[in-house]
Each structure stands twice: as structure tokens, then as C-alpha cells.
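Welcome! Here are some short exercises, each with a worked solution, to help you find your way around a structure that is new to you.

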Amino acid sequence: MSTLSHGTGPSAVLSDHLPHGSIPWRALAPIAMTAVLALIPAPEGLPQHAWYFFAIFAGVVVGLMLEPLPGGAIGIIGVSLVAALAPWVLYSPAELAKPGFKAPNAALNWALSGFANSTVWLIFGAFMFAMGYEKTGLGRRLALQLVKLMGRRTLMLGYAVVLTDTLLAPFTPSNTARSGGTIYPVIRNLPALYDSKPNDPSARRIGSYLMWVAIAGTCVTSSMFVTALAPNLLAVELIKKTAKLDIGWTQWFVAFLPVGVLLLILIPILTYWLYPPEVKEGKEVPQWAAKELGTMGGMSGREMLLAALVVLALALWIFGGDVINATTVALVVISLMLLTAVFSWEDMITNKAAWNTLAWFATLVALADGLSKVGFVKWFADSVAAHMGGFTPGMAMVALILVFYFTHYLFASVTAHTTAMLPVMLAVGSTIPGMNMLQFALSLAFTLGLMGILTPYATGPSPVYYGSGYLPTADYWKLGGVFGVLFIAVFLLLGLPWMAMMG
């Protein structure tokens with residue numbers, strides 16, 4: 001599978017490096033997980049059909065983590081299995097006994113419900129925007145321009161990398177496509193200009209610094225914009241379904257802004273201190289960028305057209321919410337891209353990442369909704385809430401945020417983490433008297449991008465930078481721990497008070 005298959009599943013990259021003998025194990029693990037859980041009696045207080053549903057759901061999550069098949073295929077298999085076994089896993093005996101109730105038809109409607117979800121199509125639309133950047137070369141031109149302007153000093157080059165990611169992030173829901181597919185191909189050319197080689201002591205000359213700044217920066221920008229990471233949009237939908245709260249693009253951006261700005265300022269300078277490059281300055285980088293820009297020539301009409309369309313979409317997303325739906329904006333702009341030949345219909349139908357993500361998220365939305373439908377989320381929330389006695393709402397919020405954040409060490413997919421954990425944590429929070437649910441829901445969602453810094457497999461671009469040869473395993477884990485603690489500490493100390501002040 002291509003490393004750009006989606007923005008949240010690094011197992012696609014990891015699978016390229018796994019020995020062939022491990023493939024059967026990865027394929028059997030989801031089945032084994034489902035079978036083992038199904039054979040265990042349902043916990044006290046939980047209906048048996050809800051436990052069976054959870055067993056299938058857990059198998060799907062394991063499949064998303066190990067990815068023996070593309071995410072879309074795993075999602076479709078999961079909802080198809082639930083729909084086929086609906087009388088035993090989706091509906092209670094009381095529901096089945098209702099006059100006129102037809103489980104097969106109701107189950108099919110449930111299985112397909114995600115494909116009618118506007119958020120799913122917004123995600124699809126944002127992938128088309130990313131393809132426009134790639135097809136026109138606008139993303140590469142932007143990166144090269146910043147390197148040309150800011151690349152003489154290594155520290156400023158770090159800020160150029162972060163700034164590039166920040167400018168691309170609002171329109172690129174796949175951080176793998178944005179960072180791994182647009183930024184990494186540019187910056188991987190830079191270390192060689194200083195004789196900084198991968199898998200070599202010379203890596204620390206400049207290559208290691210650039211690679212760490214790039215992966216750390218994309219983790220922050222992935223949290224800064226709701227459209228910068230596909231699971232963010234999934235989280236918004238799950239929050240709407242579970243907590244009955246609507247979160248808009250501007251609301252998300254403003255609530256995270258102080259944390260995002262501070263972290264983006266800190267990342268290059270902290271990396272410069274904690275993981276210092278040996279080369280502090282030089283003229284080779286801006287010269288190389290100028291040469292590459294000269295090869296590209298002047299800005300093409302397609303690039304200018306795409307830039308205008310992107311600005312139009314952003315303006316409507318920010319200011320036009322009362323007039324036109326965000327998904328409608330995306331579909332209209334995509335139509336304009338097709339009409340003006342920014343990309344072709346052939347490009348669109350062959351964009352496997354977009355269609356895979358459409359199937360994947362549509363089925364995940366249905367499956368996550370199913371956990372609430374069968375009563376599992378309420379049962380789990382009540383069980384956890386029973387152990388939260390004596391906690392103030394503030395203490396409980398911080399504790400639950402930390403649990404949600406650091407359990408990502410167990411996940412190789414932000415999407416799988418979101419699907420498995422977010423509805424449950426929201427349900428637990430809703431049982432705590434005095435809990436500010438909007439602040440709590442936003443706080444959980446904001447950590448989705450930040451948690452990508454923790455491990456070499458935590459988010460899509462992680463294996464790209466880890467596999468670059470410039471970040472040795474021990475260095476990656478140490479830096480991941482340090483920056484992981486830094487990210488969540490800044491969020492708790494600055495982000496929570498800021499949101500409380502906002503009301």
C-alpha cells in the first residue's frame with residue numbers, strides 16, 4: 001500500500017518493512033480478538049447482544065491498527081458482519097419483538113448511514129484539495145519559497161518548515177500527504193548540501209534537526225485546524241452524536257490558537273537546544289531552493305487558479321456558515337476545479353486515498369454510533385464514573401484527558417484511537433456533575449494531533465521521518481517522550497484556562 005493511503009494509518013508504511021511471515025498473524029489477529037471476546041460472557045449489566053457488537057468493534061479496531069487490508073475494506077467488512085448478524089448483535093429482544101420491525105432492512109439502513117453523513121463527504125472533499133496542491137505544484141512552490149527566504153540559518157530554516165506546514169494544514173486533512181508527501185520530499189534534499197547523511201554520524205549535522213522539527217510541527221498543526229487531520233472531523237461528528245454539541249471551524253481554531261501558536265514558536269528553538277544541529281548557518285540551502293524554483297518557472301495559471309479557489313473555500317468556511325454548509329462549499333469548489341481543469345475526472349476517480357477514506361470513515365461513523373445504539377457506551381461510562389467519586393469536575397477533566405492522551409502509546413492509528421476511545425470518554429465525562437462538556441469535548445479532540453508525537457508509529461508521517469535514517473530509534477523515543485509531555489503540559493496549563501475564559 002502507498003504511504004499516502006491516508007493520513008492516520010502508519011501501518012501502511014510499516015507493512016512494507018514487515019517480514020512476509022508476519023502477514024498471516026496480522027490478518028488473523030482481528031478475527032481472534034472478535035472470537036475471544038465473543039466467547040467471554042457479557043459483563044454484569046451489559047446485554048449480551050451489546051457485548052457481541054463490542055467484540056466485532058474491537059476486531060475492527062485491531063484491524064485498523066495492524067491493517068492487513070486497507071482501512072476502507074476493514075470498515076466495510078465490519079459493518080457488513082454486523083448487518084448480517086443484526087438479530088444477535090445489533091438489536092435487543094425487545095426491539096425484535098416490535099410489530100412490523102424488520103431487522104434486515106433496519107440493519108442495512110444503519111450500515112449505510114455513514115455514507116449519508118456530511119462530515120464524511122467534507123473529509124473526501126478535503127482530499128481533493130490536497131490533490132490539487134499536488135497536481136499543480138503549488139504546495140512544493142510554497143515550501144521552496146519559504147526555504148529560499150529563510151534557509152540561510154538553520155534555526156530559521158526550522159521555522160520555514162513549521163510555517164509551510166501551518167499554511168498547508170487548513171486544506172490538507174491527511175498529515176501524511178501534507179508532511180510526508182509535500183514537505184518531506186523537499187527537506188530531504190537539504191541535508192546532503194551539508195554532507196549530512198542518513199544512518200551515519202553525520203546525520204546530526206543538520207538532517208536530524210530538520211526531520212524532528214518537521215514531524216513535531218505537523219503534530220501541532222494537525223490539532224490547530226479541524227480540517228488539518230481527518231480524525232478531527234470524525235471527532236466532531238462523534239461529539240455531535242455522543243454529546244449533542246456542534247463545533248464549528250472557527251470555534252475550533254480560536255479555542256486552540258494560543259496553544260498552537262506557542263508550540264509552533266517553541267518547536268524549532270527547543271529542538272535547536274535539546275537536539276542541536278552541528279551546522280548553524282550556510283548559503284547552500286537558499287541557493288538550492290532558488291535553483292529549484294528557477295526550474296519550476298513562473299507561477300502557472302493552474303496554480304493561481306487553485307490559490308484563488310482555496311482562498312474562496314477558506315473564506316466561506318470561516319464566514320459563510322450561516323449561508324452555506326461547509327460540505328457544500330467543498331463540493332462546489334471541487335466542481336470548479338473540475339470545470340477549470342485544475343485536475344481531471346480521471347485524477348479524481350483514481351485518487352485511491354480519497355475513496356478509501358470515504359469508505360473507511362463512513363463505516364467507522366456507523367460502527368461508533370452502534371456502540372451507543374446497543375448501550376455499550378452508557379454501560380462503560382457508568383462503570384468508570386462509579387470510580388470517579390471524590391473528583392472535582394476540574395480534576396476529573398484533567399485525569400480523563402491524560403488517560404485519553406497517553407493511551408495512544410497502544411495505538412498505531414489516530415483514527416482507531418478516536419473511534420475506540422472518544423465516545424467512551426465523552427460518555428464518562430457526561431456522568432460527572434458540573435463537567436463543562438463543551439470544554440471537555442474540545443480538549444479531547446485537540447489532543448488527537450498532539451499525540452502523534454509520542455511514538456515512531458503514532459501518526460501517518462511518523463514512519464516516514466523515522467525511516468529517513470536521520471532519527472535513530474533511541475533518539476526518536478526520547479524526543480517523543482519529552483515533546484509529548486511538553487505538548488500536553490502546555491495544553492493543560494494554557495489551553496484549559498483560555499477555554500474557560502472564553503466561556
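Helices here are DSSP runs of H or I with at least four residues, numbered from the N terminus. The model you are looking at is predicted.

**Exercise 1. Find where Ala-341 sits, and decide whether it is buried, partly exposed or exposed.**

Solution.
- Step 1: Ala-341 belongs to the loop between α17 (326–339) and α18 (345–349).
- Step 2: Buried means under 20% relative accessible area and exposed means over 50%.
- Step 3: Ala-341 has 48% relative accessibility, so it counts as partly exposed.
- Step 4: Look at its backbone too: phi of Ala-341 is near 65 degrees, a positive value in a residue other than glycine. Most residues other than glycine have a negative phi.

**Exercise 2. Do the same for Asn-199: which loop holds it, and is it buried or exposed?**

Solution.
- Step 1: Asn-199 is placed in the loop between α11 and α12 (207–224).
- Step 2: Its relative accessible area is 70%, so Asn-199 is exposed.
- Step 3: Asn-199 also has a positive phi, near 55 degrees, though it is not glycine.

**Exercise 3. Work out the overall make-up of the protein: how many helices and strands does it have, and how does its radius of gyration relate to the globule rule?**

Solution.
- Step 1: The count gives 25 helices and zero strands.
- Step 2: The radius of gyration is 23 Å, close to the 23 Å that the globule rule gives for 503 residues, so the protein is as compact as a globular protein of that length.
- Step 3: Along the principal axes, the C-alpha atoms fill a box of roughly 75 × 55 × 55 Å.
- Step 4: Of the 503 residues, 55% count as buried.
- Step 5: Among contacts with a separation of 6 or more, 79% come from residues 24 or more positions apart.

**Exercise 4. Check helix α23: what span should it have, and how many of its residues are buried?**

Solution.
- Step 1: Helix α23 covers residues 437–450, which is 14 residues.
- Step 2: At 1.5 Å a residue the helix should span 20 Å, and its end C-alpha atoms are 20 Å apart, which agrees.
- Step 3: In α23, 13 of the 14 residues are buried, so the helix is mostly covered.
- Step 4: At its N-terminal end, Asn-436 acts as a cap, with a side-chain oxygen 3.3 Å from the backbone nitrogen of Leu-438.

**Exercise 5. Follow three residues, Thr-154, Asn-175 and Asn-117, to their polar contacts: what does each one reach?**

Solution.
- Step 1: Thr-154 lies in helix α10 (residues 154–168) and is buried, with a relative accessible area of 3%. Its side chain reaches the backbone oxygen of Val-279 at 2.7 Å.
- Step 2: Asn-175 is in helix α11 (residues 175–187) and counts as buried at 2% relative accessibility. A polar contact of 3.4 Å links its side chain to that of Ser-222.
- Step 3: Asn-117 is in the loop between α7 (103–112) and α8 (118–136), yet it counts as buried at 9% relative accessibility. Its side chain makes a polar contact of 2.9 Å with the side chain of Glu-237.

**Exercise 6. Judge the confidence: which residues have pLDDT under 50?**

Solution.
- Step 1: The mean pLDDT is 86, and 95% of residues reach 70 or more.
- Step 2: Over residues 1–22, however, pLDDT stays under 50.

Definitions and conventions:
Residues numbered from 1 in each chain as written. Predicted model: local features only at pLDDT ≥ 70, side-chain atom pairs only at ≥ 80, totals over all residues. Heavy atoms only, no water. Helix = DSSP H or I, 4+ residues; strand = E, 2+ residues; numbered from the N terminus. Expected span 1.5 Å × (residues − 1). Buried < 20%, exposed > 50% of the residue type's maximum accessible area, 1.4 Å probe, protein only. Polar contact = N/O pair within 3.5 Å; in protein donor to acceptor, adjacent residues only side chain to side chain. Rg over C-alpha atoms; globule rule 2.2 N^0.38 Å. Contact = heavy atoms within 4.5 Å. pLDDT = per-residue confidence, 0-100.
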